[in-house]
2 protein chains.
Amino acid sequence: MNETVRPTFLNLPEDKQARIIEAALTEFADKGYQQASLNTIVAASGIAKGSLYQYFTDKSGIFLYVFDFAIAVVRRLLVQVKDSTQEEDFFTRLERSLLAGLDFIRQYPKIYGIYLKILFDQQVPQRQELLQRVRQYAANYLHSLLRQGLARGELRPDLPAASAVFLLDALLDRFLQAASVPAFDVVLDLEQANPEALRQRVQELMDILRRGLAGN
Amino acid sequence: MNETVRPTFLNLPEDKQARIIEAALTEFADKGYQQASLNTIVAASGIAKGSLYQYFTDKSGIFLYVFDFAIAVVRRLLVQVKDSTQEEDFFTRLERSLLAGLDFIRQYPKIYGIYLKILFDQQVPQRQELLQRVRQYAANYLHSLLRQGLARGELRPDLPAASAVFLLDALLDRFLQAASVPAFDVVLDLEQANPEALRQRVQELMDILRRGLAGN
DNA sequence: ACTCCATATGACCAGTTGGTCATATCATGT
DNA sequence: ACATGATATGACCAACTGGTCATATGGAGT
């Protein structure tokens, strides 16, 4: 557990902390790690460059602090969706999770932007560890949904659980990317779709998941 | 159609061209667009910096030329796999395509590396257009497989084709990423798996696609 | 031998980066 | 009023970037 943030930062008035976090979040989400400029962060938050180094050890310290902040927000959402759909059947819960993900991205585009950067920016500090943390959250979430679905007999008992989680994770992740990364989705045109069309697509996908491509 | 490569480059001896393309491919795959250094490319290919600007208009010119080179290689593979599996049934063809993809990445890791960069490096020149070209190839390929599967009665006739292509594209793309990006896959551990285990996983996934999560 | 033009070169430029540090400002206790 | 320690500052630094350009080299035609 190496310290990246200095006590000085935590002593700051809350609104000043918030201004700095917000500026850093914006810059990192926009440019990724290496391309992000400390000068930009400093200018946007209205502090001197020297001050930044009174608050954090170095560039990676700022990044890791902002990442922790972001992941805490995501965690809250996952818990909330899981709890509030406890009574629904498996496929409805999946559907709700997807739509909640869309809402989240629309509400916190910068947090999602940071995730996308970590995904494929080789130079992010401690990238493997950060990536693993995020993917593990998603996998645990889906695994838990799956177990409950199996217990209730909503899924076939011979389902290979790990592969199923893999498939679900792939689909959900891609769906969110398709809906928010321009030109990424040339098939469903999710980025342009209105909420009603989106819901329609989600239901088609749930139906394929339920019955398969060949089945009855 | 704006020119990015100068005739001078095309007049060069083939091995010199190859050396330069190879060096550029390596650097872009490693660092992405903005982070790639022309100095590194120049040093690795043993030419002077000034020469680079006799061959290409500017940095983005080099990148776009290398991208075109890379996509031509991919295209050849897709055509070949499609042709050589013409007689197989839908799910076997899908399986073969996946395994062929794995082989390709192992054989041309740099080309795959460039694709991953384009995916989420906001600063890549003409990113939207390049991304769209790649995704469109994949979608057309899957669509064609699907049509033939439907025609042969291997798939249920009421299948919503667009959504099915979307799901397949998501799964295949993620599978390749999981098998080659460290720490990305916390579920199947594809990166460490031996060829036999990989084949096993692929078949489980094909089975889920065929029969669905709930079905008989 | 001379000309001509394509090709090759690397010192050089302005701009930007992450990071430093001597100095200034502020708040508090006495 | 003074001292003390935390906080704030921005000029400055070395390193590196993409790109330029005056000059050198090479080879073909005469």
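The following legends describe close-up views of a predicted model of a protein with DNA.

**Figure 1. Overall architecture of chain A in the predicted model.** Chain A contains 10 helices and 0 strands. Read from the N terminus, the order of its elements is α-α-α-α-α-α-α-α-α-α. Along the principal axes, the C-alpha atoms of chain A occupy a box of roughly 65 × 35 × 30 Å.

**Figure 2. The protein surface around DNA strand C.** DNA strand C is surrounded by 19 residues, and the closest of these are A36(A), Y53(A), K16(B), Q54(B) and Y55(B). Sugar or phosphate accounts for 55% of the strand C atoms within 4 Å of the protein, and bases account for the rest. By class, the surface near DNA strand C comprises 6 nonpolar, 8 polar and 5 charged residues.

**Figure 3. Polar contacts to DNA strand C and the helices around them.** In chain A, a polar side-chain atom of K59(A) is placed 2.8 Å from a phosphate oxygen of DNA strand C. In chain B, a polar side-chain atom of Y55(B) is 2.6 Å from a phosphate oxygen of this strand. The side chain of Q54(B) is directed to a base instead, with a polar atom 2.7 Å from a base nitrogen of DNA strand C. Two or more residues of the surface near DNA strand C are given by each of α3 (38–45) and α4 (49–55) of chain A and α1 (7–11) and α4 (49–55) of chain B. Helix α4(B) supplies the largest share of that surface, with 5 residues.

**Figure 4. The protein surface around DNA strand D.** Among the 19 residues around DNA strand D, those that come nearest are K16(A), Q54(A), Y55(A), A36(B) and Y53(B). Of the strand D atoms within 4 Å of the protein, 52% are in sugar or phosphate, while the rest are in bases. The residues of the surface near DNA strand D are 6 nonpolar, 8 polar and 5 charged.

**Figure 5. Polar contacts to DNA strand D and the helices around them.** An N or O atom in the side chain of Q54(A) lies 2.7 Å from a base nitrogen of DNA strand D. The side chain of N11(A) has an N or O atom 3.4 Å from a phosphate oxygen of the strand. At A36(B), a polar backbone atom is 2.7 Å from a phosphate oxygen of DNA strand D. The elements giving two or more residues to the surface near DNA strand D are α1 (7–11) and α4 of chain A, along with α3 (38–45) and α4 of chain B. The largest share, 5 residues, belongs to α4(A).

**Figure 6. Packing of helices α9 and α10 in chain B.** Helix α9(B), residues 161–180, packs against helix α10(B), residues 195–211, at an angle of about 165 degrees, and their axes are 13 Å apart. Because of this angle, the two helices are roughly antiparallel. Their crossing is right-handed. From α9(B), L167(B), L168(B), L171(B) and F175(B) meet L198(B), V202(B), L205(B) and L209(B) of α10(B). This contact consists of 8 nonpolar residues, with no polar and no charged ones.

**Figure 7. Packing of helices α5 and α7 in chain B.** The axes of α5(B), residues 59–84, and α7(B), residues 109–120, are 10 Å apart and form an angle of about 120 degrees. The helices are therefore oblique to each other. Helix α5(B) passes α7(B) in a left-handed crossing. The contact involves F63(B), V66(B), F67(B), A70(B), V73(B) and V74(B) of α5(B), together with I111(B), I114(B) and I118(B) of α7(B). Its residues are 9 nonpolar, no polar and no charged.

Definitions and conventions:
Residues numbered from 1 in each chain as written. Chains lettered and ligands numbered in written order. Predicted model: local features only at pLDDT ≥ 70, side-chain atom pairs only at ≥ 80, totals over all residues. Heavy atoms only, no water. Near = heavy atom within 4 Å. Polar contact = N/O pair within 3.5 Å; in protein donor to acceptor, adjacent residues only side chain to side chain. Helix = DSSP H or I, 4+ residues; strand = E, 2+ residues; numbered from the N terminus. Nonpolar A, V, L, I, M, F, W, Y, C, P; charged D, E, K, R; others polar. Axes fitted to C-alpha atoms, helices over the stretch in contact; angles between N-to-C directions. Parallel < 35°, antiparallel > 145°, perpendicular 65-115°, else oblique. Left-handed = near helix turned anticlockwise from the far one by under 90°. Contact = heavy atoms within 4.5 Å.
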